[in-house]
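Here is a short briefing to read with the structure open. Find each element as it is named.

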Amino acid sequence: MENPINNKILATAEVFRNLSSDQLYQAALDNGEGRASKYKALVVTTGDKTGRSANDKFIVKEKNSQDKIHWGETNVPMKEENFNKILKAFEAYAQEKRLYVHDLFGGADRDFTLPVTIITEFAWHGLFSRHMLVRPSEEELKKYSSEYTIINFPKLKLDPSTYRTNSETVIAINLDKKIILICGTEYAGETKKSVFTLLNYLLPDINTMPMHCSVNTGQEGDSAIFFGLSGTGKTTLSADPNRSLLGDDEHGWSEDGLFNFEGGCYAKLIRLSEEAEPEIFATTKMKNTIIENVVMNDNGELDLDNNSITENTRGAYPLDFIPGVTLEGKTSHPKNIIMLTADAFGVLPPIAKLTPAQAMYHFLSGYTAKVAGTEIGLSSEPTATFSTCFGAPFMPRNPIEYGNLLKRKISEFNVTCWLVNTGWSGGVYGVGKRISIKDTRQLLNEALIGNLSNIEMRKDDNFGFEIPKSVNGINSNILNPRNCWSDPAAYDLQAIKLVNMFIENFKKFETDVDENIKSSGPIIN
């Protein structure tokens, strides 16, 4: 069934519906939306918006959903009459335009699939959507019935004074009308994160945990969840040649197991190394891969080290571009959960074992360092931050709902939890060195195959979690971050600073969690 709003949008437009990836690729080239690289990847730029416009996202406050939304800094209310005014601007803008319509699924497990129709102004945004969401089969398309619609018009700019927005850019979510309006930004990630926001809103009602994470599975069927914000290594670390990738960014955890929300990957490309990340590197040389904001010379060669456009360069490609991927989009319940963080203070160890209570504490805390370029307005320096559930901008409900759901599933399925720091060691950012991917991979491999289950551990003085004293193939000094600093007293000061940040941040949860969770955080000695 078509949303009546869709009919108004498409009434006079030239509509291209459910084109193939090859057709959208060619349309993008024909429209001048991008250029083909030497290896036929589609290279595009996104103008002045090279990351998410976090300050331009709104949720309509209406009676059917308002009591379920955790209103605040990330879930900003919009009045219904204001949304309706914006919708009329979309309807007027769409007249006699060339539009691309895509009937897709959010969620690979058909028992939990959300049918989403996406209407795009750019052909390459359509190709992006086909990469990132799940593509229905021909039989499924015959009986396809859309539930939500996302309309993305990058060239439509709204006057903030007229439409009561923060800028010319708007991401407006109306859960009652089941429609999301996006305009004023060419950054394609807004579409994918809009679908994620919908699933984060809907799935907890059916005891299914939506997660900002990557997932892979070992040869013995042992699945692992990797929580983490952009830049912490979700995509890089889950693309392991010895394990099958389920997906790199968004998943659900139902009573039946884990399932991917998406049909592709959206990998950071800045300073991508063929040696360190061969599977992802190979996708940059494939036709239909979308290369965002990467500098390309006149010979069609990419300069992946060049950040002159943005630090947030990206590659979007379907899952089957990665060898050994789990194409059915589903796998077993996890054996391990990895919580990734990029610690800019050089305090956290490269790996630590968490109790279930500590896991919930760190999940609610969501500590990392945001790297420049992921969002509009960040400085060139990483900024230490706490993003609840490792994905606060996409979580419409109260974080405690997600935390309690995760806690129950960890207990029910007896999952082992780890905190892994992919950030800095031996000093703060700019002084210390970033922990190598090689060392992180080795530590993860040892954890995932069970080699860290029965080894000698020490209790961290500040955070209380357990840290291995030695790990096969790893210099033992890096396991104790204090030993990596030339001045141990300077480390102690940074540790106190970080502990205080954790304690201050967690105060907002103290009335909603039990004493066991509260006491699982760091302490000042």
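The points below cover two sheets, a pair of helices and two cysteines. This is a predicted model.

**The eight-stranded sheet**

- One open sheet has 8 strands. Their order is S1-S6-S7-S8-S10-S9-S4-S5, and the pairing is mixed.
- Strand S1 (14–17) and strand S5 (77–78) are the edge strands. Each of them pairs on one side only.
- S1 pairs with strand S6 (residues 98–106) in the parallel sense, over 4 bridges.
- Look for phenylalanine 16: its bridge partner in S6 is tyrosine 100.
- Helix H3 (residues 80–93) lies across several strands, including strand S4 (57–60), S5 and strand S8 (148–153). H3 also lies across strand S9 (170–174) and strand S10 (179–183). Helix H3 runs at about 65 degrees to S10.

**The five-stranded sheet**

- Another open sheet has 5 strands in the order S2-S3-S17-S20-S16. Its pairing is mixed.
- Strand S2 (35–36) and strand S16 (264–268) stand at the edges. Each has a single partner strand, so one side of each is left without a neighbour in the sheet.
- Strand S3 (residues 42–44) and strand S17 (residues 290–292) run parallel, joined by 3 bridges.
- Valine 43 has isoleucine 291 as its bridge partner in S17.
- Helix H4 (residues 123–132) lies across S3, S16, S17 and strand S20 (314–318). Helix H4 runs at about 110 degrees to S17.

**Two helices that pack together**

- Helix H10 (residues 356–365) packs against helix H14 (residues 488–506) at an angle of about 85 degrees. The two axes are 10 Å apart.
- H10 is therefore roughly perpendicular to H14.
- From H10, the residues Tyr361, His362, Leu364 and Ser365 take part in the contact. They meet Phe502, Ile503, Asn505 and Phe506 in H14.
- The residues of this contact divide into 5 nonpolar, 3 polar and no charged.

**Cysteines**

- How many disulfides does a search of the whole structure find? The search finds 0.
- Why is cysteine 213 without a bond to cysteine 389? The closest cysteine sulfur to that of cysteine 213 is in cysteine 389, 12 Å away, and that is too far for a bond. A disulfide needs the two sulfur atoms within 2.5 Å.
- Is cysteine 213 buried or exposed? Cysteine 213 is buried, because its relative accessible area is 0%.
- Cysteine 389 also counts as buried, at 1% relative accessibility. The cut-off for buried is under 20%.

Note on methods:
Residues numbered from 1 in each chain as written. Predicted model: local features only at pLDDT ≥ 70, side-chain atom pairs only at ≥ 80, totals over all residues. Heavy atoms only, no water. Buried < 20%, exposed > 50% of the residue type's maximum accessible area, 1.4 Å probe, protein only. Axes fitted to C-alpha atoms, helices over the stretch in contact; angles between N-to-C directions. Helix = DSSP H or I, 4+ residues; strand = E, 2+ residues; numbered from the N terminus. Parallel < 35°, antiparallel > 145°, perpendicular 65-115°, else oblique. Contact = heavy atoms within 4.5 Å. Nonpolar A, V, L, I, M, F, W, Y, C, P; charged D, E, K, R; others polar. Pairing = 2+ DSSP bridges.
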